[in-house]
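Biologist: I am new to this structure and would like to learn how to read it. Could you walk me through some of its features?

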Amino acid sequence: MRSEAAKKPLGIFGGTFDPVHFGHLRLAEEAVDRLGLQSVRWIPAGQPALRGAPRVGPRQRLDMVRLAIAGNPRFELDAAEVDAPGPSYTVPTLERLRQSEADRPLLLLLGNDAFTHLTGWYRWERLFELAHIAVAHRPGCPIDRERLPTELATAFRQRWRENTGELAGIPAGCIVTFTTTPLDISATQIRALLQKGASPRYLTPENVIAHIHEHHYYTEN
Ligand code: ATP
């Protein structure tokens, strides 16, 4: 018989993390409690498919995430997208995880700004065959169901579950929403502060800031 821990959902948290900040960290930490996750696997994108090149390279962004999550037993780091050549797509990442995790529920964690753009993702409908999607309410970005693209609004209507507890017994296919402590922090804001020589303190962990300063990230053109 499988243990309870073996059935607990695994959270998957992808992003550019250029740099990682407390908005990301709180989202992941609160997701563990709200959604009953076993842990959250952080997967920094190597070459994000849907945006311009990040300011800092994949290895450097991975290092910053490693520093930010150090010592948190609920978090683990996955370097696969950083190590892979070519653009990073979530579907192949989830296919790989599905192989190793068998029928464990996988929950892809997204801020609602990212969710709103889901139909632009590579093979987005396949995502639901591989994982659930858990949408966190990011400050200033409510989910406006009326303004979602039609196919996404339909998917939302059909797949949304109010009771997040239901997901524990199902490997994939549902959408849940959860609120997180509003932290109006973005990587864009941190890059802008550093670029003009202002302090990013209290927006991201101290060890990340020290690393940024040591390697002169975000200050050079
Ligand atoms: P940028 O400002 O460079 O666009 P970002 O701060 O939005 O970056 P990403 O790495 O693009 O960070 O985000 C990864 C994921 O984290 C996305 O799903 C995004 O919605 C979510 N996220 C980012 N910042 C916050 C925040 N402050 N609160 C809640 N979710 C967030």
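Modeller: We will go through aromatic rings, two helices, the nonpolar cores and one strand residue. This is a predicted model, in which local features need pLDDT of at least 70 and side-chain atom pairs count only at pLDDT 80 or more, while totals for chains, interfaces and linings use all residues. Residues are numbered from 1 along each chain as its sequence is written, and side-chain values use heavy atoms, with hydrogens and water left out.

Biologist: How many aromatic pairs are there?

Modeller: A pair of aromatic rings is described by the distance of the centres and the angle of the planes. Rings of Phe, Tyr and Trp (its six-membered ring) pair if their centres lie within 6.5 Å; planes under 30 degrees apart count as stacked, over 60 as edge-to-face and the rest as tilted. By this rule there are nine aromatic pairs. One of them joins Phe13 and Trp42, edge-to-face, at 5.1 Å centre to centre with 70° between the planes. Phe13 belongs to strand 1 (residues 10–15) and Trp42 to strand 2 (residues 39–44), 29 residues apart, so this pair links distant parts of the chain. Helices (H or I, at least four residues) and strands (E, at least two) are DSSP runs, numbered from the N terminus.

Biologist: Are Phe13 and Trp42 buried or exposed?

Modeller: Buried means under 20% relative accessible area, exposed over 50%, and partly exposed in between (1.4 Å probe, protein chains only). Phe13 is buried at 4%, and Trp42 is buried at 0%. Phe13, Phe17, Trp42 and Phe75 form one aromatic cluster.

Biologist: Which residues of helix 3 are buried?

Modeller: In helix 3 (58–69), the buried residues are Arg61, Leu62, Met64, Val65, Ala68 and Ile69. Seen down the helix axis, they fall within an arc of 160°, so they line one face of helix 3. The arc is that of the directions from the helix axis to the C-beta atoms. Their cover includes helix 2, strand 2, strand 3 (75–77), helix 4 (80–83) and helix 10. After helix 3 comes Gly71, with a positive phi near 85°.

Biologist: And which residues are buried in helix 8?

Modeller: Helix 8 (residues 150–159) has Leu152, Ala153, Ala155 and Phe156 as its buried residues. Within an arc of 160° down the axis, they line one face of helix 8. Thr150, Arg157 and Gln158 are exposed on the other side.

Biologist: Which residues touch the most other members of the largest nonpolar core?

Modeller: A nonpolar core is a set of buried Ala, Val, Leu, Ile, Met, Phe, Trp, Tyr and Cys residues joined through side-chain atoms within 4.5 Å. The largest has 35 residues, of which Leu35, Val40, Trp42 and Leu109 touch the most other members. Helix 2 gives the most to this core, with six residues. Apart from this core lies another, of 26 residues, including Leu94 and Phe128.

Biologist: What is Thr179 in contact with?

Modeller: Contact means heavy atoms within 4.5 Å. Leaving aside neighbours within four places in sequence, Thr179 is in contact with Glu30, Arg34 and His137. Thr179 is found in strand 6 and is exposed, with a relative accessible area of 51%. Thr179 and Glu30 are 149 residues apart in sequence, yet 8.7 Å apart in space, C-alpha to C-alpha.
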